[in-house]
Structures are given as C-alpha cells and as structure tokens.
Protein chains: 2
Amino acid sequence: MDKKAIVVFSGGLDSTTLLHYVKSLGYEVYGISFDYNQRHKKELDYAKYWGKKLCKEFKIIDISFMKQIADNSSLLNDKEIPHDHYTNENQKITVVPNRNMIMLSIAVAWAENIKAEKVFFGPHANDYTIYPDCRPDFVDAINKASKLATYNHIKIEAPFVDIQKWQIVSLGTKLGIDYSKTWSCYEGKEKHCGKCSACQERKETFKILGIKDPTEYDVE
Amino acid sequence: MDKKAIVVFSGGLDSTTLLHYVKSLGYEVYGISFDYNQRHKKELDYAKYWGKKLCKEFKIIDISFMKQIADNSSLLNDKEIPHDHYTNENQKITVVPNRNMIMLSIAVAWAENIKAEKVFFGPHANDYTIYPDCRPDFVDAINKASKLATYNHIKIEAPFVDIQKWQIVSLGTKLGIDYSKTWSCYEGKEKHCGKCSACQERKETFKILGIKDPTEYDVE
C-alpha cells in the first residue's frame, strides 16, 4: 500500500506544483484547501479541479472565523490590494496572521485521523522576507511541534522552502502541469487582473523561464 | 497600560483557574473558547460567564470543521463516553487529535492582531500520559514555532504544565473562584453526571483537597 501524505494547497502556482510533486514521489495524496472568505476565493475552483484529479480524497475546510480575529489583512476585507511589485512594506497588508500554523494544525489533525505520515505545504524562498511563517526555521519548529503533538509523530515538510518561484514552475513544467488551471490574482475577478503584485510575480515567473504564460490577463 | 494576554479556556476547572491566575498577574485579559460541537458544549455557558466577568474581550470561535477531519473521537460523535477512572486506554477515545495546536494557532493569530504579548493555555501534569499535546516538550516546541511565525514574537505559556489538578484548584481556591460556575462532565446534560471519568476526576480533586465540592451531581 502506498504511504499517505496530506498536501495543503490553494490552486496557485506553487502549491499546485507541490501537489504534483508529492504525487510523483509515490504517495497516496490527500488534499486540503481552506475557505477563509479570501477575496480571491476563485483559487478554490482550481484547487477543486486538481483535488478531484489527483487526490484520493480532497477537502475544503471552512475557516471563515479568520475574519473574527484578523480583520487587518487586505485579503480578508475591502482594503485596496497593492498594485505594485512585491515589496516588504506594500505586501504587509496582505499578511493573514499565523495562517500557516492554523492550516497546518488542521491538516495534522486530519493526518492523525487517517494515519498519514506527512503533511506537505508550499512556502518558497521568495516568501521569506515578507512572511515569517514561510521561513525554514519556522518549518523546523512546526515540524517538531507536530511530531510531539501526535501519536503517529506526523512530520511537516516544505520541500520548496529553499528554492525560488521560477524553479518551482520549472519543475512543474517538467511534470507536465497545465498552469492555465491555476490561480494567482488577489482580486479574484473573472480573469487575472494582470496588475496586482501576485499577477506581476506570475508574469515574471514565466518570463524568467522563457516559456509561454498560459494565463489570460485583463491587462497584459 | 496593562500588557495584553490571551487565555484559551473552556469553562472547566483548570482553564477557569488559569483565567483568574493570568488576571491576577496584572494582564489585560482577552478570552477565547472554541465551539467544536463538543458533546459537552455546556462548558461554553460557563466560559461565557467568566469571559464576560473577567475579560476585556471574549470570543467563541466556531471550529466545527473538526467533525470533518476527526470523527474518531467520542467527544465529537455518539460513541459511548468511558464511565471509569481515567486510564490511558479508555481515555484514548476522548482524544480530539491535535486540538491544542489548532486552538493555539488561532489564539496566536488573534494575539498578532491585537498586539498581545502572550497566549496562555491550561494543560497540567495529569494530562501527560494520555494527551501528547499537553506535555512540556510540546509546549516548548509550539512556543518556539509561535515566536518564529509572528512579527511580534508571540509567546505561548502553560504555567500549570508541571503541577497536578488538585494544586490548580488549591490555587484557585486562594484566588476565591466559585467553582460551582465551572463545567467538567463529558456528557453535557443538565447536571454533572457524576459517573464519567471527567466527573470522577472532579470529585476526587475536591476530596484530595479536603474542601467542599460545590457541584451538583446526578449520581453522588
């Protein structure tokens, strides 16, 4: 029997690649996504698409309580999304506090229940400077906490934590992923807006790689 | 201005004492409880009572998604509650997997939002053998993870982790707590059943201390 792994993913470039990557390692994959009334809820349509396609089981967990405890993030309210390149300052407004620990702790509970041996999630090197819960030392600490908190000593791994976004998409391209079926835009309208920082980063990633960007943008 | 602290509490003996204890240290206290459709939801009435009385702000967070990922626990379903003394084996059925990490991660998110410096929770020495997420090494690990995950380096503390339940109630008695306004019983009916392991432990605690048990039990 294949070993079980849970993958936390959102339908974005990185975590969709992660899902394919973990599957390619031979795990029986269980997918988990989170609905926190994010403005870009549209990502969940893509999560569902891949969840159905690649996972033994896929769940969307409602954590809309986030609004009750963290109303400062522009991803959870009507504040304007920064329409510039990622910089530390303009992106701080997109921080959803402690999001990774919350999502991981729920994924670990599910892992304990189905006797999965690992939980994977997808932070990468470009996240570091802005998001403290995407850094290698956080990954080490939460992995340790998870092993101690569970009867089955469940491990948490972040295989992309030391690589760049373009390297993730390079890997995904080799794995044959159709990236038109992923979502990045913070605005969450019908098409990718092409202007928000998430769209700009998406565009740049394909440009660096020198491969065709399959995304339809409102503003090219 | 007083320093802010968040206290995770449920309306039981231990965590109600914790709330009073943290308040006695001079913190401005923010209370958080969790509704996970626990069979003994009645504890939340008592949480609300103390939350209103002692906290600057009190929230009950809905984490009823627990049922979706962890249906093995007798506290979340209709399986029979063990009617014996606590033993490792018969109590394992009452384990809600990774409950503490989930609750703490949410409390930490709130702490980040309101700039609280600490999150307190109430595991104690009698919990050790059954619940891995009540042990000192878990407390250390999750404290480290929390400090790394947050801009404000929020600390997690469990001041009762090395003491026994009767010592907690001894402290609470000195703090003048009215323990008739707390809830332990797993059955969650009108009165404490007097038979489940939580009731037995409650009775014993007052007996060890040699003080009058203010609880009304169905079966004395």
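Visitor: How do you know that strand E2 (residues 28-35) of chain B and E3(B) pair?

Guide: DSSP has to find at least two bridges between two strands, and E2(B) and E3(B) share six, in the parallel sense, so they count as paired. One spot to look at is Phe34(B), which stands opposite Ile61(B) in E3(B). By the way, this is a predicted model, where local features need pLDDT of at least 70 and side-chain atom pairs 80 or more, while totals for chains, interfaces and linings use all residues. Residues are numbered from 1 along each chain as its sequence is written, and chains are lettered from A and ligands numbered from 1 in the order in which they are written.

Visitor: And what makes something a strand or a helix here?

Guide: Both are DSSP runs, numbered from the N terminus: E with at least two residues for a strand, H or I with at least four for a helix.

Visitor: Which strands of chain B stand at the edges of the sheet, and why?

Guide: The open sheet has five strands in the order E3-E2-E1-E4-E5 (chain B), with parallel pairing. Strand E3 (57-62) and strand E5 (155-157) of chain B each have a single partner strand, so one side of each lacks a neighbour in the sheet.

Visitor: What makes strand E1 (residues 4-8) of chain A mostly covered?

Guide: A residue is buried if 20 or more other C-beta atoms, placed from the backbone, lie within 10 Å of its own (exposed: 12 or fewer; partly exposed: in between). In E1(A), four of the five residues are buried. E1(A) also pairs with strand E2 (residues 28-35) of chain A, in the parallel sense over five bridges, and Val8(A) stands opposite Ile32(A) in E2(A).

Visitor: How many residues of chain A are in contact with chain B?

Guide: 33 residues of chain A are in contact with 33 residues of chain B; contact means C-beta atoms, placed from the backbone, within 7 Å. H5(A) gives the largest share of chain A's side, ten residues.

Visitor: Why do you say the copies meet through the same surface?

Guide: Because 100% of the interface residues of chain A are also interface residues in chain B.

Visitor: What is the relation between chain A and chain B?

Guide: A turn of 180° and a shift of 0.0 Å along the axis lay chain A on chain B with an RMSD of 0.0 Å. That is the relation of a two-fold axis. The fit is by least squares on C-alpha atoms of residues with pLDDT of at least 70 in both copies.

How values were computed: Contact = placed C-beta atoms within 7 Å.
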